[in-house]
Amino acid sequence: EWELKAKKAAKKGGALSVLLLPLAACGGGDSSSTSTTGSTTGYVIDGYIRNVFLFRDEDGDGVFDAGEASAYTNSAGQYTLGGSSTASIVVDPSQDPEGRVAVDLDNPNEAFTSVLKAPAGSTMVTPLTTIVQEIVATGETLEAAQTAVKTALGITGDVDVTSLDPI
């Protein structure tokens, strides 16, 4: 049942994120971590997105820079991305240096042109992780951001939206 709610909420996109931003004002927290380099395997989902460009936003500016790890999703929407696991992930077809056409497998006749984000440590990049990352960017902890999103959507339990495939 929560999966249907999540899909409906994901389609509302920006409107939901605007509604959730006030929830982020409930006090931030400090998070410190050590940088770890390796690779992360996961999926880009708004419907699975194939051939989409994504990168680790090492400097947090939302812009792909030389030296930041990048990758493309395969035909099933799966990626393997190197770089620091302490950096967020950005999916942005407009920044693709090769100019590829990304496709949402739910809408295969249309190019996927949206921007999606996910907090550091995520394996899934979805509209929900985008909202979580926007809240984290305001200074909230990942835990507080996930709690705010789950509460707003009525998701109960120990669901981790950064690693859950909602499809």
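Two strands count as paired here if DSSP finds at least two bridges between them. Keep that in mind as you click around this predicted model.

**Stop 1: strand β1.** Select residues 40-44, which make up β1. Colour Thr40, Gly42 and Val44 one way, since they form the strand's covered face. Give Thr41 and Tyr43 another colour: they sit on the uncovered face.

**Stop 2: the neighbours of β1.** Add residues 78-81, strand β5. β5 runs antiparallel to β1, and four bridges join the two. Now bring in residues 124-125, strand β9. This pairing with β1 is in the parallel sense, over two bridges.

Which residue of β5 is the bridge partner of tyrosine 43? Pick glutamine 78 and you have it. Tyrosine 43 also has a bridge partner in β9, namely methionine 124.

**Stop 3: helices α3 and α4.** Move on to residues 127-136 for α3 and residues 142-153 for α4. Their axes are 9 Å apart, and the helices pack at an angle of about 130°. Because of that angle, α3 is oblique to α4. Viewed as a crossing, the pair is right-handed.

**Stop 4: the contact itself.** Show side chains for Leu128, Ile131, Val132, Ile135 and Val136 on the α3 side. Across from them, in α4, select Leu142, Ala145, Gln146, Ala148, Val149 and Leu153. How many of the residues in this contact are nonpolar, polar or charged? Ten are nonpolar, one is polar and none is charged.

Technical notes
Residues are numbered from 1 along each chain as its sequence is written. This is a predicted model: local features need pLDDT of at least 70, side-chain atom pairs count only at pLDDT 80 or more; totals for chains, interfaces and linings use all residues. Side-chain values use heavy atoms; hydrogens and water are left out. Buried means under 20% relative accessible area, exposed over 50%, partly exposed in between (1.4 Å probe, protein chains only). Axes are lines fitted to C-alpha atoms, for helices over the stretch in contact, and angles run from 0 to 180 degrees between N-to-C directions. Angles under 35 degrees count as roughly parallel, over 145 as roughly antiparallel, 65 to 115 as roughly perpendicular and the rest as oblique. A crossing is left-handed if the near helix is turned anticlockwise from the far one by less than a right angle, and right-handed if clockwise. Contact means heavy atoms within 4.5 Å. Ala, Val, Leu, Ile, Met, Phe, Trp, Tyr, Cys and Pro count as nonpolar, Asp, Glu, Lys and Arg as charged, and the others, Gly among them, as polar.
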